[in-house]
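Colleague: I should like to learn how to read a model of this kind, feature by feature. May we begin with a single residue and work outwards?

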Amino acid sequence: MKRYVIIIAIAAMLGFSISSFAQGGLTPPGAPTETMKTLEQVEPRIDLATVTGDKFYHHIILEPGSYYLSGNLTVTKESGIWIGASGVTLELNGFEISRTPSGGEGIHIDDSLDRISVQNGSITGFGYGIRCYNNPVPATGCLFKELAVSACTAYGIDGGDAARIIDCCVHNNSGIGIYAGMGSQLRGCTSDANSGNGIQVDSGCSLNGCTAGSNSADGIHTEAGTTLADCSSQSNSGHGIYTAEGCSLKGCTAYTNESS
């Protein structure tokens, strides 16, 4: 009798254990849903070819966002691209913006804007290759990277205040090659065979690893409180490196320039 009670107790315990860990229904869920995202969803960008302009500009950007060129832009109007909003990135994708005959502006950045980025392409044949318009104040905090600008009749790149200009090459412009306003940083830039100063910056800037050669005025021309490191200037018709008060130079060279 005692053995029978024990067997019943064990069976009850096993039954309780099995029922305690019973699983849910085994009906499979529906078909799996698509989880991959498109490139536009991961990084939404706008083809500049879809952005309209007016009688003066081929394309006018009036909303922040990321834009890109999908082909060379041959400008037949007065100017190429107007940027009229802060927070714009323009990726040239290695393409060229050009105009014949020269005149107008390749890329116009409206006054008082900030956080504009233009990179990876070439601009040729304008009055200004890139112009940060200065009325009442220029654009601030713009980034210009890996650009080649040539054959412009005024400035190659007019970068505004607190700009970062990185790995850009300007040459054979009729005015200043690269101009940057107060508090700007230039790194790895070259300026060659321009009719004005090769590189000209306002006060409180820093230049690192920049080169200026064969310009018709000063190779590198700076205002007060600018620091220069590992820069070189050669064969310019003006000063090799001209600095105002409170500037510092480290590891810089200047040779075969017409003015000392």
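Modeller: Let us begin with Gly240. In this predicted model, Gly240 is placed in the loop between strand S23 (232–234) and S24.

Colleague: Is Gly240 buried or exposed?

Modeller: One compares the relative accessibility with a cut-off: buried means under 20%. Gly240 has 3% relative accessibility, so it counts as buried. Leaving aside residues up to four places away in sequence, Gly240 touches Gly219, Ile220, Ser233, Ala254, Asn257 and Ser259. In addition, the C-alpha atoms of Gly240 and Ala212 are 8.1 Å apart in space, and these two residues are 28 apart in sequence.

Colleague: Ile220 appears among those contacts. Which residue is the bridge partner of Ile220?

Modeller: For a strand residue, one looks for the partner across the bridge. Ile220, in S21, is the partner of Ile199. Strand S18 (residues 199–201) and strand S21 (residues 220–222) run parallel and are joined by three bridges.

Colleague: In what order do the strands of the open sheet follow one another?

Modeller: One follows the pairings from one edge to the other. Here the open sheet has nine strands, paired in parallel, in the order S2-S5-S8-S10-S12-S15-S18-S21-S24. Strand S2 (57–61) and strand S24 (241–242) are its edge strands, each pairing on one side only. As to the whole protein chain, there are 26 strands and two helices.

Colleague: With which strands does S11 pair?

Modeller: The number of bridges and the sense of each pairing are to be read together. S11 pairs with strand S9 (residues 116–124) over seven bridges, in the parallel sense; within this pairing, Gln119 has Lys145 in S11 as its bridge partner. Three bridges join S11 to strand S13 (residues 164–166), again in parallel, with Phe144 opposite Ile165 in S13. S11 also pairs in the parallel sense with strand S14 (residues 169–171) over three bridges, where Cys169 is the bridge partner of Ala148.

Colleague: Which residues have the most contacts inside the largest nonpolar core?

Modeller: One ranks the members of the core by their contacts within it. The largest nonpolar core has 48 residues, and those with the most contacts inside it are Ile97, Ile107, Ile109, Phe144, Ile165 and Leu207. Ile165 touches several residues beyond four places away in sequence, among them Phe144, Ile157, Ile178, Tyr179 and Leu186. Of the 260 residues in the protein chain, 43% are buried.

Colleague: How many aromatic pairs does a search of the whole structure find, and how is the geometry of such a pair read?

Modeller: The search finds three aromatic pairs. Two values are read, the distance between ring centres and the angle between planes. For Tyr57 and Trp82, the centres are 5.2 Å apart and the planes are at 90°, so the pair is edge-to-face. Tyr57 lies in strand S2 and Trp82 in strand S5 (residues 79–83), so this pair ties together parts that are 25 residues apart in sequence. Tyr57 is buried, at 9% relative accessibility, whereas Trp82 is partly exposed, with a relative accessible area of 24%.

The rings of Tyr155 and Tyr179 have centres 6.1 Å apart and planes at 50°, so that pair is tilted. Tyr155 is in the loop between strand S11 (143–150) and strand S12 (157–158), and Tyr179 is in strand S15 (residues 178–180), 24 residues apart. Ring pairs join Tyr128, Tyr155 and Tyr179 into a cluster.

Colleague: Which arginine residues lie over the face of a tyrosine ring?

Modeller: Here the position of the charge is read against the ring centre. Arg131 lies over the face of Tyr128, at 4.4 Å from the ring centre. Arg45 is placed over the face of Tyr68, at 4.5 Å from the ring centre.

Colleague: Which peptide bonds are cis, and where is phi positive in a residue other than glycine?

Modeller: For these features one reads the backbone angles. A cis peptide bond joins Thr100 and Pro101, with omega about -5°; Pro101 lies in the loop between strand S7 (96–99) and strand S8 (105–109). Another cis bond joins Asn135 and Pro136, with omega about 10°.

Arg115, in the loop between S8 and S9, has a positive phi of about 60° and is exposed, with a relative accessible area of 54%. Ala162, in the loop between S12 and S13, has a positive phi near 50° and is partly exposed at 31% relative accessibility.

How values were computed: Residues numbered from 1 in each chain as written. Predicted model: local features only at pLDDT ≥ 70, side-chain atom pairs only at ≥ 80, totals over all residues. Heavy atoms only, no water. Pairing = 2+ DSSP bridges. Helix = DSSP H or I, 4+ residues; strand = E, 2+ residues; numbered from the N terminus. Core = buried A, V, L, I, M, F, W, Y, C linked by side-chain atoms within 4.5 Å. Buried < 20%, exposed > 50% of the residue type's maximum accessible area, 1.4 Å probe, protein only. Contact = heavy atoms within 4.5 Å. Phe/Tyr/Trp six-rings, centres within 6.5 Å; stacked < 30°, edge-to-face > 60°. Lys NZ or Arg CZ within 6 Å of the ring centre and 35° of its normal.
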